[in-house]
There are 2 protein chains.
Amino acid sequence: MENRIKKYKSLKIKLTPQRLAILNYLEGNKMHPSVEQIFKYVSRRFPSMSYATVYNVLNTLVKHNVVKEISIDPDKKRFDPYMSTHHHLVCIKCRKIIDLDMDFSIGVPEDKLAGFTMMGNHIEFYGVCAQCRGKDKD
Amino acid sequence: MENRIKKYKSLKIKLTPQRLAILNYLEGNKMHPSVEQIFKYVSRRFPSMSYATVYNVLNTLVKHNVVKEISIDPDKKRFDPYMSTHHHLVCIKCRKIIDLDMDFSIGVPEDKLAGFTMMGNHIEFYGVCAQCRGKDKD
DNA sequence: TTTCCATTTTATAAATATTATAATCTAATA
DNA sequence: TATTAGATTATAATATTTATAAAATGGAAA
């Protein structure tokens with residue numbers, strides 16, 4: 001069996017061609033693509049692909065902890081196949097999202113938590129990326 | 001002139017009744033309300049209020065730094081009138097957003113930034129709120 | 001005060017994003 | 001091979017947001 005398929009055998013879901021194509025597109029993808037981007041790419045190989053399938057597959061993958069849905073873009077959902085703990089640098093000019101591969105353990109004093117059980121954190125750092133900085137020197 | 005109005009005089013925008021009603025609803029509001037919630041509340045007093053007006057007013061207020069748009073809810077935009085630096089505790093059960101009034105200065109090593117100019121950060125802490133914890137003891 | 005006009009509100013349509021439904025198809029297995 | 005559970009598809013429906021243009025109005029200026 002192909003490596004590309006074997007890799008996902010541990011998932012307890014049917015490995016349909018559509019799902020494999022989406023998994024393949026997401027594998028190692030650092031673009032935090034939207035549903036539209038995923039649809040446009042994958043439908044080149046699968047002209048019959050519908051948006052519903054992309055939504056279905058993504059929801060399934062989120063449920064099985066293969067990708068994360070991220071809520072940084074206020075206009076649409078974006079997806080991230082990189083499941084290790086990491087954070088994001090968000091450019092306020094071009095809206096690009098860059099992975100920051102670090103793990104911060106941030107202590108919050110009990111009295112600030114008001115009974116909230118802390119399970120993790122995600123930091124959105126905002127600023128200007130190198131490319132945008134280069135463009136508009138003033 | 002009423003206090004409620006005088007307070008916003010420094011804003012260089014027309015203080016229409018609709019805008020004052022929205023400002024008034026948002027003042028001190030810790031609910032991080034959605035457009036729908038704002039519309040439903042304010043249209044009780046202003047039955048002629050339209051969604052377009054709520055969107056217009058909110059966009060104006062964001063532009064004038066009176067409220068912040070927050071992208072935590074993946075389904076819709078939410079608005080926060082609390083403009084001081086703070087972070088959020090997000091309940092993964094009920095999706096409630098609780099303010100965390102702290103200021104973390106988080107150092108990121110130069111080599112991880114790749115030319116990104118850091119301007120600030122926002123931390124989303126996720127976990128389970130006191131109420132939800134109380135409900136489903138297992 | 002009254003007039004005037006830029007701005008705002010409103011109704012409405014349109015665009016975009018997402019979910020729901022049901023028919024069809026596919027693949028595993030009995 | 002027949003059965004069937006699950007997946008895909010076309011399509012409709014819903015939800016969110018933006019765009020447009022006409023009507024209304026706040027507030028400066030006469």
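A polar contact here is a pair of N or O atoms within 3.5 Å. With that in hand, welcome to a set of close-up views of a predicted model.

**View 1. The backbone of B:Lys77 meets a phosphate of DNA strand D.** In this predicted model, a polar backbone atom of B:Lys77 sits 3.0 Å from a phosphate oxygen of DNA strand D. B:Lys76 takes part through its side chain, where an N or O atom is 3.5 Å from a phosphate oxygen of the strand. Chain A contributes too: a polar side-chain atom of A:Arg19 lies 2.8 Å from a phosphate oxygen of DNA strand D.

**View 2. The protein surface around DNA strand D.** Take a step back and you will find 19 residues around this strand, with A:Thr16, A:Arg19, A:Ser48, A:Thr53 and B:Tyr55 coming nearest. Sorted by class, the residues of this surface are seven nonpolar, six polar and six charged. Helix H2 (17-26) and helix H4 (51-63) of chain A, along with helix H4 (51-63) of chain B, each supply at least two of them. H4(A) provides the largest share, four residues. On the DNA side, sugar or phosphate accounts for 78% of the strand D atoms within 4 Å of the protein, and bases for the rest.

**View 3. Side chains from both protein chains reach phosphates of DNA strand C.** From chain A, a polar side-chain atom of A:Tyr55 lies 2.9 Å from a phosphate oxygen of DNA strand C. From chain B, the side chain of B:Thr16 places a polar atom 2.4 Å from a phosphate oxygen of this strand, and an N or O atom in the side chain of B:Arg19 is 2.8 Å from one. H4 of chain A together with H2 and H4 of chain B are the elements giving two or more residues to the surface near DNA strand C.

**View 4. The protein surface around DNA strand C.** Here 16 residues surround the strand, and A:Tyr55, A:Lys76, B:Thr16, B:Arg19 and B:Ser48 are the closest. The surface has five nonpolar, six polar and five charged residues, and its largest share, four residues, comes from H4(B). Of the strand C atoms within 4 Å of the protein, 80% belong to sugar or phosphate, while the rest are base atoms.

**View 5. The largest nonpolar core has 28 residues.** Look for A:Phe104, A:Ile106, A:Phe125, B:Phe104, B:Ile106 and B:Phe125, which have the most contacts inside this core. Strands S3 (87-91) and S5 (117-128) of chain A, and S3 (87-91) and S5 (117-128) of chain B, each give two or more residues to the core. B:Phe125 makes a good landmark: among the residues that it touches are A:Ile106, A:Val108, A:Phe116 and A:Met118, as well as B:Leu89, B:Val90, B:Leu100 and B:Phe104.

**View 6. Two of the six aromatic pairs in the structure.** A:Phe104 and A:Phe125 form a tilted pair, 6.0 Å centre to centre with 55 degrees between the planes. A:Phe104 belongs to the loop between strand S4 (97-100) and helix H5 (110-113) of chain A, and A:Phe125 to strand S5 of chain A, 21 residues apart. A:Phe104 counts as buried because its relative accessibility is 13%, and so does A:Phe125 at 1%. In chain B, the rings of B:Tyr25 and B:Tyr41 are stacked because their centres are 4.5 Å apart and their planes at 25 degrees. B:Tyr25 lies in helix H2 (residues 17-26) of chain B and B:Tyr41 in helix H3 (residues 35-45) of chain B, so this pair joins parts 16 residues apart in sequence. B:Tyr25 is buried at 18% relative accessibility, whereas B:Tyr41 is partly exposed at 28%.

Notes. Residues numbered from 1 in each chain as written. Chains lettered and ligands numbered in written order. Predicted model: local features only at pLDDT ≥ 70, side-chain atom pairs only at ≥ 80, totals over all residues. Heavy atoms only, no water. Near = heavy atom within 4 Å. Polar contact = N/O pair within 3.5 Å; in protein donor to acceptor, adjacent residues only side chain to side chain. Nonpolar A, V, L, I, M, F, W, Y, C, P; charged D, E, K, R; others polar. Core = buried A, V, L, I, M, F, W, Y, C linked by side-chain atoms within 4.5 Å. Buried < 20%, exposed > 50% of the residue type's maximum accessible area, 1.4 Å probe, protein only. Contact = heavy atoms within 4.5 Å. Phe/Tyr/Trp six-rings, centres within 6.5 Å; stacked < 30°, edge-to-face > 60°. Lists of a residue's contacts leave out its neighbours within four places in sequence.
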